[in-house]
Amino acid sequence: MLDIRYLRQNIARVEERLATRGQQIDLGPFVKLEGQRRNVLQEVETLRNQRNVVNRAIGEMKKKGEDFTSLTAEMGKVSDRIKGLEGEINRIEDELSVIMLTLPNLPHEAVTPGGGPEDNQVLKYWGEKPRLDFTPRPHWELGEDLDILDFARGSKITGARFTLLKGGAALLERALISFMLDLHTEEHGYHEVLPPFMVNRESMTATGQLPKFAEDLFRLENTEYFLIPTAEVPVTNIHRGEILAEADLPLSYAAYTPCFRAEAGSYGKDTRGLIRQHQFNKVELVKFTAPEQSDGELERLTDHAEEVLERLQLHYRRVSLCSGDLGFSAARTYDLEVWLPGQGTYREISSCSNFGDFQARRAGIRFRREKTGRVEHVHTLNGSGLAVGRTLVAILENYQRADGTIKVPEALKPYWRGKVPLISRPS
RNA sequence: GGAGAGAUGGCUGAGUGGCCGAAAGCGAUCGCCUGCUAAGCGAUUGUACGCCCCAAAAGGUGUACCGCGGGUUCAAAUCCCGCUCUCUCCGCCA
């Protein structure tokens, strides 16, 4: 959510900055409603003040045993009037909040303008594409041949875009989760949490999934609970409605969760393999910072995500999203794209964003400045560290050998606990 | 799933219709005092929104908030209704 006072005073500027996202937004209705709200508010507050003054007098008169019935009839009318105006304010505020909750975040000043993915900027490459002396195969072929990815049974059990992981793939997935969590908690200083995988409407609204993107979510029938599309939601909501101590910032959390996405509107895209599933695992990094820390912490957080790829020796690039490709809540985003030789393409494996105070304002997450004692909204950040399913895909495709077996990366050896770090077809 | 009890400020906890944004204690901050420490004394100590002032901050002023939402009343932390959450007991269960 944007700062309503900033918005009020910078209508043209905000329209201009939101336009860089590629959508024209007319703030005229906002200006009108906002003006109405203040007018009615002033009127109702004046009346309430009048009521309070008279009621105090009535209290005095009653104590003295004086007759105050002449005042009650008049005050009854005032109260009716107040009630009517309160109803009006509620209507105005409901309309206003719909607008406020559906306005996207302002892009960070460092974000380059652009219309879509084609305008994103590649900031760096790390490593090299593996040199294979055979034609690399896509992970779905490798996985089926090795009998570790069972797409047919996944869709039998549930439906399209669900996959059964077996044997080496199940172990690899579990090893990756542990590896990522161990790295972030032991070396990068994150505090591990394991949150609920279902959240309520308030939590979804706080991080920005609701009210606008309900069709992307799975909602549990007969409840107001939703399956989380990312750990960002429950973890950011840990501190919803709280005032944090400045000395505690930045707060850094790492969480493993499954993620559930309806993938509405993606029919026909990435239908083969593990790339776009309704359920996938992710290790997420979340930070709460003071405003002046958030730019630096985004760099750190992205470095931490990159460290996972580097230890796994996976070639990747860092991309800075242009204004037109930014997500709804994000002020600034870096994507990490890993090389997939089986498909001959770079594929997003992490998305690291600074949300500024956008989520913090929706969620009411603030901190108290030590020097002044004043409260301010924190900045929130999060990033995948990493998407586990896609990391598994990258390992299968990058570590495949001519005979179709998979050599497990050195960094994961401890998680194989003495077994030969190789995935091959059981004999 | 059934029965009961509860939800008040950073914390503990009083408050059953008006003098209550809320006693008292603890904690915290600032000051005083004591050679240090401890103790003691005094002051301050919620948030949001509107208006005034203002470059801004500070300040002034009004309104709202005692889990959430509605109702009764001239007036609600207090009475009534609904909901949420917590605790206890029973049932069920990993």
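**Exercise 1.** By class, how many nonpolar, polar and charged residues does the surface near RNA strand B have?

*Solution.* Note that this is a predicted model. Start with the residues themselves: RNA strand B is surrounded by 19 residues. The closest are Asn-49, Gly-59, Thr-72, Met-75 and Ser-79. Next, find the elements that supply them. Helix 3 (28–64) and helix 4 (69–102) each give two or more residues to this surface. Helix 3 gives the most, with 12 residues. Now sort by class: four are nonpolar, eight are polar and seven are charged.

**Exercise 2.** Describe chain A as a whole.

*Solution.* Begin with the elements. Chain A has 13 helices and 17 strands. Then take the extent. Along the principal axes, the C-alpha atoms fill a box of roughly 100 × 45 × 40 Å. Turn to burial: of the 427 residues in chain A, 36% are buried. Finish with contacts. Take those between residues at least 6 apart in sequence; 74% of them join residues at least 24 apart.

**Exercise 3.** Find the residues that touch the most other members of the largest nonpolar core.

*Solution.* The core has 74 residues. Four of them touch the most other members: Val-338, Leu-386, Leu-392 and Ile-395. Follow Leu-386 outward, leaving aside residues up to four places away in sequence. Leu-386 touches Met-180, Val-283, Ala-305, Val-308, Ile-349, Ser-350 and Thr-391. There is also a second, separate core of seven residues. Its members include Ala-206, Phe-288, Phe-367 and Val-378. A general point fits here: in soluble globular proteins, nonpolar side chains tend to be buried together.

**Exercise 4.** Explain why helix 12 is largely enclosed by the rest of the structure.

*Solution.* Locate the helix: helix 12 covers residues 388–398. Check burial along it. Leu-392 and Ile-395 are among the buried residues, and so are Arg-390 and Glu-397. Now count. In helix 12, 11 of the 11 residues are buried, so the helix is largely enclosed by the rest of the structure.

**Exercise 5.** Work out which strands stand at the edges of the open sheet with the order 7-13-14.

*Solution.* Three strands form this sheet, and the pairing is mixed. Strand 7 (243–245) and strand 14 (375–377) each have a single partner strand, so one side of each is left without a neighbour in the sheet. These two are the edge strands. From one strand to the next, the twist averages 40°. Look closer at one pair. Strand 7 and strand 13 (residues 366–368) run in the parallel sense, paired over three bridges. Ala-245 stands opposite Arg-368 in strand 13.

Notes
Residues are numbered from 1 along each chain as its sequence is written. Chains are lettered from A and ligands numbered from 1 in the order in which they are written. This is a predicted model: local features need pLDDT of at least 70, side-chain atom pairs count only at pLDDT 80 or more; totals for chains, interfaces and linings use all residues. A residue is near a molecule or strand if its C-beta atom, placed from the backbone, lies within 6 Å of it. Helices (H or I, at least four residues) and strands (E, at least two) are DSSP runs, numbered from the N terminus. Ala, Val, Leu, Ile, Met, Phe, Trp, Tyr, Cys and Pro count as nonpolar, Asp, Glu, Lys and Arg as charged, and the others, Gly among them, as polar. A nonpolar core is a set of buried Ala, Val, Leu, Ile, Met, Phe, Trp, Tyr and Cys residues joined through C-beta atoms within 7 Å. A residue is buried if 20 or more other C-beta atoms lie within 10 Å of its own, exposed if 12 or fewer, and partly exposed in between; C-beta atoms are placed from the backbone. Two residues are in contact if their C-beta atoms, placed from the backbone, lie within 7 Å. Two strands pair if DSSP finds at least two bridges between them. Axes are lines fitted to C-alpha atoms, for helices over the stretch in contact, and angles run from 0 to 180 degrees between N-to-C directions.
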